[in-house]
Amino acid sequence: MSHSQSSRTALLWHIGVWALFALVIVVLPYIFTSSSSISMMSQMGVFIIFALSYNMLLGQAGMLSFGHAVYFGLGGFFTLHAIRAVNDEVWQFPLELMPLIGGAGGLAFGILFGSISTRRAGVTFAMITLGIGSMVESSANMFTDFFGGESGISGNRVTDVTLFGFSYGPSIQVYYLIGAWTVIAAVAMYLLTKTPLGRISNAVRDNPERAQFVGYNTTIARFIQFSLSGFFAGIAGGLFAIMFEIMTAPNVGLVQSGAVLLMTFIGGVGLFFGPIIGAVLVTYMHTALSGFSEGWILYFGLMFVFMVMYAPGGIAGVIYAHAAPWRAGLFRRLLPGYLLALIPALLAIAGLVAVVEMGYQLSLAYDPSSPIELFYMQINATSVVSWLVALLVLAAGIGGVLGAARVVRARWAEVNRSMQAPGAKT
Amino acid sequence: MSDALTLANVHKRFGETPIIRGVDLAVAPGERHAIIGPNGAGKSTLFNLISGRYTPSEGEISLHGKRISGLAPHQINRRGLSRSFQITNLFQNMTVFENLRCSLLWAQGYKYSFWHLVGRQAALNEAAEQWLERLGLSARRDVPASLLTYAEQRTLEIGTTIAGGADVILLDEPTAGMGLAERDHTMAMISEVTQGKTLLMVEHDMGVVFELADRISVLVYGQVIASDTPEAIRANAAVQEAYLGEAH
Ligand SMILES: Nc1ncnc2c1ncn2[C@@H]1O[C@H](COP(=O)(O)OP(=O)(O)OP(=O)(O)O)[C@@H](O)[C@H]1O
Ligand SMILES: [Mg+2]
């Protein structure tokens with residue numbers, strides 16, 4: 001049968017892709033060897049799990065949550081308390097499995113809060129998650145035994161209770177622990193999309209009414225999906241706790257919840273791998289840009305607005321949009337427009353960065369007239385000429401991008417026509 | 001032996017406006033029952049009441065002698081009643097195959113399982129493939145529902161309704177907006193796939209109605225003014241006056 005044959009090919013393909021994913025994780029520390037890279041890549045793993053768990057809600061079940069850090073953060077706190085218990089020798093539990101404690105905490109609170117929030121869908125659901133998020137964040141001030149007050153709680157991940165004999169003192173060992181969990185959790189969440197629950201979550205997202213008329217209670221479907229999503233968020237939080245050995249109240253807070261939303265959205269909610277891209281990119285930007293500029297949140301916000309307006313499917317959506325032209329052998333025809341847009345786009349970004357950085361220099365620097373180092377140049381923020389040049393570059397860049405956008409659109413129209421032409425393979 | 005579907009003095013008001021005004025109806029098991037009536041008579045509202053989308057303001061609805069009015073749509077569906085929509089109501093982002101498979105999941109007992117992989121459930125996939133074939137949609141297996149032609153969407157709407165195996169089927173204007181050839185084809189398909197089931201159908205085309213139905217009920221302004229065999233309905237003076245006469 002052709003169907004069983006094609007499903008076997010599909011299976012091999014899936015295994016291949018995940019094996020590649022695992023391989024990349026194994027190999028990366030050999031390429032990026034510095035301790036800051038190792039730390040950044042470890043964070044990427046944590047946020048891949050967190051963002052994928054968030055997409056179980058937003059992308060797969062159509063639930064926009066503003067409070068997902070609750071399950072991440074509580075998972076982290078539970079894990080750290082468990083580690084402290086092992087530190088204090090009141091309990092024995094291998095460090096490798098500690099993320100499961102976080103998962104259990106995330107699941108328990110996912111069940112608790114999910115049973116309230118998933119009774120409603122849409123905007124009401126979003127508002128309830130916001131309320132729960134701020135409630136948990138503020139309760140951190142009340143339950144100081146658990147949350148540790150201002151300073152948070154900390155522990156020592158070197159517990160000497162392990163399965164595989166590593167100490168998990170060196171950050172590279174933690175990296176591989178996180179890497180292993182990233183693969184396990186990502187594969188598990190991927191497989192979940194292929195289960196009846198996963199399919200029905202999609203159905204409830206697309207058309208909750210019809211889902212009811214094929215026998216499903218949409219509240220229960222959303223509730224189970226929500227609880228499981230809390231489980232994986234808790235695992236991510238547990239790994240976060242192991243990595244940093246400290247948890248503070250903001251880890252359960254609304255800023256953290258907003259961050260995972262942004263990551264997931266920028267990566268793309270419509271495809272499973274979208275949040276992986278988002279987590280990697282945003283973590284990179286955070287690490288790279290926050291060292292470079294005070295304005296990184298601003299850049300980040302601009303990028304988010306840009307994505308929402310022009311690429312609502314996120315980066316994964318952009319990639320996916322090119323799959324059909326690629327398969328039809330028409331991708332080449334799109335390239336000239338993109339290349340044409342690239343140069344003015346870089347100009348526009350350079351102009352924008354110059355404007356923003358000079359602005360920060362003027363308003364924040366101790367001595368605003370001290371030159372700033374930008375694009376291998378010394379720029380004086382107090383000089384009118386610098387501002388004129390920067391604005392000119394920005395304007396020219398935007399103008400160029402708008403011009404190139406017309407070429408890109410025309411090329412796309414042409415490619416779409418060729419793909420729809422009779423006899424074209426789709 | 002109890003009727004498959006019974007409506008007893010069913011009323012529905014939206015605010016102050018009465019839309020369904022005391023409907024009594026009995027549909028025997030295995031019967032093909034058509035509901036006809038002018039636009040705005042309340043036919044779709046009646047279906048919404050039976051299928052649990054709305055709850056009656058008054059009166060009682062029973063399925064196989066057991067009360068279903070007041071239950072949620074999914075509960076009514078699980079008791080063996082399934083409905084289609086006048087305005088196509090599918091999982092638009094899912095492929096044709098996925099749509100059919102989703103409508104089989106509960107019926108085949110998977111519930112909310114997160115420990116089965118749907119791709120590996122041979123019986124489930126086999127059943128979905130068979131439905132593709134019966135509906136004549138095999139060539140469109142992997143096309144998202146939103147990209148189907150209108151007639152194909154209507155066909156899938158019917159398939160999604162029936163695939164779950166319910167024994168009481170409600171179809172709301174299944175052939176509305178179709179061309180003549182498509183309509184004949186669809187009616188033949190409906191007749192085939194509802195073999196042995198109880199069918200309640202809203203339909204405007206009199207040719208279709210008189211050919212397929214065992215019995216016909218005429219709904220006018222929220223009330224059933226006649227419920228009888230096609231021949232008797234054709235001969236009924238009140239129906240002539242209230243509906244058939246003015247429609248043609
Ligand atoms: N949810 C609602 N709220 C208020 N009024 C409604 C609602 N649903 C239906 N109605 C009204 O009830 C009346 C009957 O509508 P219904 O859709 O049941 O008619 P119908 O017989 O199916 O007509 P058609 O042949 O056009 O499909 C209409 O006047 C409609 O406006
Ligand atoms: Mg109607």
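The following chat goes through strands, a cavity, aromatic rings and some single residues of a predicted model.

Reader: Before we start, what conventions apply to this predicted model?

Author: In this predicted model, local features need pLDDT of at least 70 and side-chain atom pairs count only at pLDDT 80 or more, whereas totals for chains, interfaces and linings use all residues. Residues are numbered from 1 along each chain as its sequence is written, chains are lettered from A and ligands numbered from 1 in the order in which they are written, and side-chain values use heavy atoms, with hydrogens and water left out.

Reader: Ok, strand β7 of chain B, then: how many of its residues are buried?

Author: Five of the five residues in β7(B), residues 168–172, are buried, where buried means under 20% relative accessible area, exposed means over 50% and partly exposed lies in between, with a 1.4 Å probe and protein chains only. Strands here are DSSP runs of E with at least two residues, helices are runs of H or I with at least four, and both are numbered from the N terminus.

Reader: And which residues of β7(B) point which way?

Author: Val168(B), Leu170(B) and Asp172(B) point one way, while Ile169(B) and Leu171(B) point the other way.

Reader: Which strands pair with β7(B), and in what sense?

Author: Strand β6 of chain B, residues 81–83, pairs with β7(B) in the parallel sense over three bridges, and β8(B), residues 198–202, pairs with β7(B) in the parallel sense over five bridges; two strands count as paired if DSSP finds at least two bridges between them. Ile169(B) appears in both pairings, since Ser82(B) stands opposite Ile169(B) and Leu199(B) in β8(B) is the bridge partner of Ile169(B).

Reader: What unit do β7(B) and β8(B) make with helix α6?

Author: With α6 of chain B, residues 180–193, they make a right-handed β-α-β unit, right-handed meaning that, with the strands pointing away from the viewer, the path from the first strand over the helix to the second runs clockwise.

Reader: Is β8(B) mostly covered or exposed?

Author: β8(B) is mostly covered, with five of its five residues buried; Thr198(B), Leu200(B) and Val202(B) point one way and Leu199(B) and Met201(B) the other. β8(B) also pairs in the parallel sense with strand β3 of chain B, residues 32–36, over four bridges, and there Ile35(B) stands opposite Val202(B).

Reader: What about the open sheet of four strands in chain B?

Author: The strand order is β2-β1-β4-β5, with antiparallel pairing. β2 (17–27) and β5 (66–67) of chain B each have a single partner strand, so one side of each edge strand is left without a neighbour in the sheet. For β5(B), the antiparallel pairing is with β4(B), residues 58–63, over two bridges, and Ser62(B) stands opposite Arg67(B).

Reader: Switching topic, how many cavities of 30 Å³ or more are there?

Author: The count comes to one, and about 30 Å³ of space lies in the largest cavity. On a 1 Å grid over the protein atoms alone, a cavity is a set of points where a 1.4 Å probe fits but cannot get out, and lining residues have an atom within 4 Å of a point; points are joined across faces, edges and corners, and the volume is the space filled by probe spheres set on them.

Reader: Which residues line the largest cavity?

Author: The lining consists of Ser65(A), Gly67(A), Tyr71(A), Ser117(A), Thr129(A), Ile132(A) and Phe226(A).

Reader: How many aromatic pairs does the whole structure have?

Author: The search finds 33 over all chains, where rings of Phe, Tyr and Trp (its six-membered ring) pair if their centres lie within 6.5 Å, and planes under 30 degrees apart count as stacked, over 60 as edge-to-face and the rest as tilted. The ring centres of Phe166(A) and Tyr168(A) are 5.9 Å apart with planes at 70°, so this pair is edge-to-face. Phe166(A) is partly exposed at 43% relative accessibility, whereas Tyr168(A) is buried at 3%. Ring pairs also link a cluster that includes Tyr71(A), Phe113(A) and Phe226(A).

Reader: Where is Glu245(A) found?

Author: Glu245(A) is in the loop between α10 (218–244) and β2 (246–247) of chain A, and has a positive phi of about 60° although it is not a glycine. With a relative accessible area of 23%, Glu245(A) is partly exposed.

Conventions:
1 Å grid on protein atoms, 1.4 Å probe; cavity = no way out; pocket = protein on both sides within 12 Å on 5 of 7 lines; lining within 4 Å.
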